[in-house]
Amino acid sequence: MSTFSSNSILDILIIGGGINGSGIAADASSRGLRTGLFDSFDFGAATSSCSSKLIHGGLRYLEQFEFKLVAHSLKEREILLKKAPHIVSEMRFILPHRPFLRSAWIIRLGLFLYDHLARRTILKPSYKVKLNNEGHFKKNLKTGFEYSDCWVDDARLVLLNAMDAKENGAEVRNYCQIVKAKRFKNMWVVTIKNRLTQEVFERKTKVLINAGGPWAQTIIEDNLNLTSSHQIRLIKGSHIVIPKINNINKAYILQSDDKRIIFAIPYLEKFTMIGTTDIEYDGDPRFVTISDKEKTYLLNIINEHFVKQIELKDIIWSFSGVRPLVNEKQESAQKISRDYILELNLDDSMAPLLSIFGGKITTFRQLSESVVDKISQFFTDIKPCVTKETVLPGGDFAYPVETLIFQIQTKYPWLNESVIERYAHQYGMYTYKLLKNCSKIQDMGIEFFDGLYQIEIDYLISNEFAKTEEDILWRRTKLGLEIPQEKIKSIKDYIELKLMNSPLA
């Protein structure tokens with residue numbers, strides 16, 4: 001709960017609850033700043049839940065000589081493995097060698113740098129592999145390279161940071177749109193509209209943070225009536241999901257004839273996720289969708305590598321996101337830097353505005369630390385950053401997640417093993433908080449779908465800001481891929497009834 005009243009003056013108010021906004025809220029609130037975090041939709045509903053689900057150094061960025069960005073990203077992998085061991089895990093990647101695209105010595109050099117640009121204590125090193133032992137690659141692909149990166153549940157990473165901020169005393173609210181913000185004396189007066197209840201209210205803050213992602217420039221120009229020295233370039237990245245390609249729990253990084261790379265990644269046990277594309281986008285980021293051309297492009301790359309051929313009809317699901325990159329007009333979409341820029345705007349009133357342009361999910365924690373460091377000049381009693389050492393909600397266990405699963409099974413032997421495994425990977429130690437009043441299966445309440453019980457929906461509404469069935473099925477549990485359409489209405493009706501009876505949930 002917030003430790004200050006709605007009439008209090010905030011130290012910082014953050015517009016945008018994606019990975020950067022939620023990360024900044026977690027960092028600032030842990031340093032003692034009175035923090036507000038507001039998003040006009042659900043937390044992580046746009047770009048931050050439409051990534052390739054990777055915490056990675058960015059092997060391909062070495063070709064663009066972005067050594068600083070890669071080094072920072074590599075360092076963050078192991079920090080995040082410790083911060084959130086339930087939602088971040090090591091994943092081995094296989095890169096098939098196609099000599100006419102990149103020579104073996106170039107790849108070896110890249111992987112050597114990848115292994116040594118930052119200190120590794122957890123992740124395993126890279127090495128050469130024979131692909132003919134795999135059995136599912138085409139015969140012309142005989143050798144490759146294997147290395148480590150990390151998989152992450154991106155939507156839950158956003159949520160855990162928002163939860164962390166709230167636990168630190170921040171005011172954290174989704175579905176609350178910033179209508180306008182004006183400087184008044186030495187502060188910002190921000191008008192906010194709750195999109196679900198239509199309530200309009202105000203907050204006052206000393207510093208305003210624009211973490212609007214694809215909407216950062218629009219916020220500056222339309223909501224704040226200001227101008228920016230930076231321009232955003234919107235790049236669409238799309239993914240497809242198909243039945244699992246093979247039974248090996250490794251990912252593949254595949255080179256296309258245009259020298260781009262795509263990933264084929266194990267997803268939710270039963271599926272393979274394939275992406276991403278890089279296409280210029282001009283439109284509302286809220287309504288971005290994959291094109292038929294993108295689907296064909298991704299399928300062609302997969303079919304160039306694997307014996308089993310995939311068709312359009314095999315696509316189960318697709319999703320697209322818009323990456324807000326700093327505009328570099330001379331560069332192609334693939335070559336634009338994924339690094340970030342922080343822009344500080346001041347006027348005579350000394351009510352600062354800090355806007356974030358660019359960035360990537362891997363380096364969100366470092367970005368958040370940099371943002372709070374940059375605004376620390378406006379506060380006299382700010383504490384040092386602690387986010388390198390602290391864990392995110394549910395992540396306070398120092399053993400493999402498999403051990404946690406075993407412990408939960410031991411305490412709740414009557415609960416289905418697949419449900420326990422999902423809980424452990426989503427909620428970590430907070431699984432015990434979810435199940436605290438349960439001693440038998442009947443205590444779980446209504447089973448709306450296989451493994452989705454009433455008690456989990458109640459928990460998500462009360463603890464994870466869930467307001468709609470989409471919030472629950474697609475961002476908090478990932479059950480949307482499997483649940484039949486006819487089951488969704490009963491979930492929707494229950495959520496609406498629950499919120500009607502508990503308006504503060």
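**View 1. Phe112 sits in helix H3, which spans residues 104-116.** This close-up, like the others here, comes from a predicted model. With a relative accessible area of 47%, Phe112 is partly exposed, because that value falls between the 20% bound for buried and the 50% bound for exposed. Phe112 joins Trp105, Ile106 and Leu109 in a nonpolar patch on the surface. Together, the four residues of this patch offer about 420 Å² of accessible area.

**View 2. Phe43 and Phe465 meet edge-to-face, in a structure where a search of the whole finds 16 aromatic pairs.** The two ring centres are 5.3 Å apart and the planes stand at 80°, so this counts as an edge-to-face pair. Follow the chain and you will find Phe43 in the loop between strand E2 (35-38) and strand E3 (54-55), while Phe465 is in the loop between helix H11 (454-463) and helix H12 (469-476). The pair thus links distant parts of the chain, 422 residues apart. Both partners are buried: Phe43 has a relative accessible area of 1%, and Phe465 has 6%.

**View 3. Phe137 and Tyr252 form another edge-to-face pair.** Here the ring centres lie 5.5 Å apart, with the planes at 85°. Phe137 belongs to the loop between strand E5 (127-130) and strand E6 (143-152), and Tyr252 to strand E12 (residues 251-255), so the contact ties together parts 115 residues apart in sequence. Both Phe137 and Tyr252 are buried.

**View 4. Phe93, Tyr114, Tyr147 and Phe263 gather in one aromatic cluster.** All four names are worth picking out in the viewer.

**View 5. Arg195 places its charged end over the ring of Phe41.** The distance to the ring centre is 4.1 Å.

Definitions and conventions:
Residues numbered from 1 in each chain as written. Predicted model: local features only at pLDDT ≥ 70, side-chain atom pairs only at ≥ 80, totals over all residues. Heavy atoms only, no water. Patch = residues over 30% accessible without salt bridge, like charges linked within 9 Å, V, L, I, M, F, W, Y side chains within 5 Å. Areas by Shrake-Rupley, 256 points an atom, 1.4 Å probe, with all protein chains shown as cover. Salt bridge = Lys/Arg side-chain N within 4 Å of Asp/Glu carboxyl O. Helix = DSSP H or I, 4+ residues; strand = E, 2+ residues; numbered from the N terminus. Buried < 20%, exposed > 50% of the residue type's maximum accessible area, 1.4 Å probe, protein only. Phe/Tyr/Trp six-rings, centres within 6.5 Å; stacked < 30°, edge-to-face > 60°. Lys NZ or Arg CZ within 6 Å of the ring centre and 35° of its normal.
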